[in-house]
Amino acid sequence: MNRNLERLITIAQKPVRRIIGLMSGTSLDGLDVALCAISGSGMDTRVTLEHFDTVPYPLNVKDEIRKVFAKDTISFQQLCLLNPWLANLHAQWILDCLQKWNVAAEEVDIIASHGQTVYHSPKILHRLPDFPNATLQIVDGDHIAVKTGIITLSDFRQKHIAAGGEGAPLALYGDYCLFSKRGEDRIMLNMGGIANFTFLPGDLDAAGVFVTDTGPGNTLLDAFARECFQAEYDKDALFAKQGTVNESLLTALKSDPFFKASFPRTTGPELFSKAYVKAAQERSNTTHLSPYDIMATLTRFSADTITDALKSVLQEGKYYAVYVSGGGAHNPLLTGLIRERLPRLQLHTTDELGIAGDAKEAVLFAILANEALCGEGIDFGKPGMPAITMGKLSFPA
Ligand SMILES: Nc1ncnc2c1ncn2[C@@H]1O[C@H](COP(=O)(O)OP(=O)(O)OP(=O)(O)O)[C@@H](O)[C@H]1O
Ligand SMILES: CC(=O)N[C@H]1[C@@H]2OC[C@@H](O2)[C@@H](O)[C@@H]1O[C@H](C)C(=O)O
C-alpha cells in the first residue's frame, strides 16, 4: 500500500487530529492560518484552536491577484502562473507560522486549504441556460503538500456543485457540527467581503438548518475606500460616519434580482463591484455624491440587506442568539445599524463560543477536512445543501 494511504488511515483513526485550516477570502486582506486540534466528527466534533494568525497579503500579492480577481477578461498566463506562485507563498507562510508557534511540520496531520476564489459564477449570476453553477479557486494543493511535507486537502467547492449546490456557502457544515446548541436557535452571521449566515435550530434537526449569502459585507466598502481615499478599508467606519445616506441611491442598490432569489443563494464581487454602484448612481441621478455619502450609503446597503435576509427567516416573538464573525464585526457603524434594525436580537461574537471571529472561516475548513477523513456527509435534506464530504487529496510524495 502507498505509505501515504497508510498515514491517512492512521490519521483518520487518531483520537485527536491536528489540522491547519487556511482561508483567504474575497477581501484579499491576507491568509488566515488556524491550527486546530480536532476530535470526533459530525455532531461529536470538538475543536481547540491552538494557534491562529493572519498573514497579511503584501501589496504586490494583492496587485497580482487583482489582475484576474472577479474579472470577465483576463490574461490566461497570469491565471496559470498565479496558481503555483500563490500556493508556494501560502506554503511558505504556513512554515513561517509553524516556526513562530514552535510546532514542527511533522506534528501537523493535515492542511485544509480553501485556496483563493478568483471567480464565482452561480447560474443566478451568469444566466446562461446551457451552463451549470461554477466557481474557481486557485492555489493548487500539490504545491502546498510538497513544500510543507504535510498531506493537503484542497478545492472544497467543486463537489458541492457536482452534487447540486452553488459551491458556497460551505459554512453550514462546520457551523452545524461546532456551534449547534440544544435549546437555543442560533444564527451564525459572517461579515467578510460577502456576508452570509447559517441558521441552527435549537432542536438540532439537520433538516431545519439553512444557509445563504445575503449580499455585500465589506467588498464595496473596501473598493470605494481604495478608490476615493486610497485606503485599504474604512477602518472603524471613519469615512462612512462623516457621510449621509442617500435614499435614492440606496433604493437603486437594492433593486437587483439577487435580493429576491430564494435561499440558499450565493454571490460575489463579480456582481457587487464598483461598476454595480456606478450603474445604480446613474439610474438614481446620484453621480454627484461626496465620497463620504457614498461610504455611508454603502454601509447602510450592507446593513439593510443583511437584516432584510435575517428578518425573512426570523419568527415574530421568538428569541435567537446571533453570533457575529468576519472583518465586518470590527466595523462599529455596520454592527450598530444591524443592532438598530434588529433590536430584539442580542449580537454576540463567536469569540464567546471559543473561536475568534477572525479565525472562524479557517477553522471551518479544518472541520471540512476532518469530515472528509472521518465523517459521513450530513444530510440536510435540502436542494443546494448536499450530503457530501469535500476536499481533494494531495500527498507530499
Ligand atoms: N476595524 C475595522 N473597521 C472596519 N472594517 C474592518 C475592520 N477590520 C476589518 N474590517 C473589514 O474586514 C475585511 C476583512 O474581512 P474578512 O477577513 O472576514 O474577509 P474575507 O474572509 O476575505 O471575506 P469572505 O468571507 O467574503 O471570503 C477588511 O477588508 C475590512 O473591510
Ligand atoms: C465562492 C466563495 O469563495 N464564496 C465565499 C465568499 O466569502 C463569503 C461568502 O462569499 C461565502 O459564500 C463563501 O465563503 C464561505 C467561507 C463559505 O463558503 O461559507
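User: Leaving aside its neighbours within four places in sequence, which residues is G384 in contact with?

Analyst: Contact means that heavy atoms lie within 4.5 Å, and on that reading G384 touches H160, G164, G165 and P264 once its neighbours within four places in sequence are set aside. This is a predicted model, in which local features need pLDDT of at least 70 and side-chain atom pairs count only at pLDDT 80 or more, whereas totals for chains, interfaces and linings use all residues. Residues are numbered from 1 along each chain as its sequence is written, chains are lettered from A and ligands numbered from 1 in the order in which they are written, and side-chain values use heavy atoms, with hydrogens and water left out.

User: Where does G384 lie with respect to helices and strands, and how many residues along the chain separate G384 from G164?

Analyst: Helices (H or I, at least four residues) and strands (E, at least two) are DSSP runs numbered from the N terminus, and G384 is in the loop that runs between α13 and β12 (392-394). G384 and G164 are 220 residues apart along the chain, yet their C-alpha atoms are separated by 5.6 Å.

User: P264 was among those contacts, so which peptide bonds at P264 and P169 are cis?

Analyst: The bond joining F263 and P264 is cis, with omega about -10°, and P264 sits in the loop between α9 (247-253) and α10 (274-283). The bond from A168 to P169 is cis as well, with omega near -20°, and P169 belongs to the loop between α6 (157-162) and α7 (171-179). A further backbone feature is found at N102, which is not a glycine but has a positive phi of about 65°; N102 is in the loop between α3 (76-101) and β4.

User: How is the protein chain divided into domains, and how many residues do the domains bring into contact?

Analyst: Domain bounds come from an automatic or database domain assignment, which here gives domain 1 (3-170 + 360-394) and domain 2 (178-353). Their centres, taken over C-alpha atoms, are 24 Å apart, and 32 residues of domain 1 are in contact with 32 residues of domain 2. Buried area is the accessible area (1.4 Å probe) that two parts lose on being put together, summed over both; for these two domains it is about 2400 Å², of which 62% falls on carbon and sulfur atoms. On the domain 1 side, L125, P169 and K360 supply 24% of the area buried against domain 2, more than any other three residues.

User: Which of the residues around ligand 2 come nearest, and which elements supply the shell?

Analyst: A residue is near a molecule if one of its heavy atoms lies within 4 Å of it, and of the 16 residues around ligand 2 the nearest are T117, R157, L170, A171 and D213. At least two shell residues come from each of β4 (110-121), β5 (134-138), β8 (194-200) and α13 (360-374), with β4 giving the largest share, three residues. Both domain 1 and domain 2 contribute at least three residues to this shell.

User: Which polar contacts does ligand 2 make through its oxygen atoms?

Analyst: A polar contact with a ligand is a pair of N or O atoms within 3.5 Å. Oxygen atoms of ligand 2 lie 2.7 Å from a polar backbone atom of L170, 2.9 Å from a backbone N or O atom of A171 and 2.8 Å from a polar side-chain atom of D213. Accessible areas come from the Shrake-Rupley method with a 1.4 Å probe, and the protein covers 97% of the 430 Å² that ligand 2 has on its own.

User: How many residues surround ligand 1, and which come nearest?

Analyst: There are 21 residues around ligand 1, with T26, G193, D222, D236 and G327 nearest, and each of the two domains supplies at least three of the shell residues. Oxygen atoms of ligand 1 are 2.9 Å from a backbone N or O atom of S27, 3.0 Å from a polar side-chain atom of D29 and 3.0 Å from a backbone N or O atom of I194. The protein covers 88% of the 660 Å² of accessible area that ligand 1 has on its own.

Note on methods. Polar contact = N/O pair within 3.5 Å; in protein donor to acceptor, adjacent residues only side chain to side chain.
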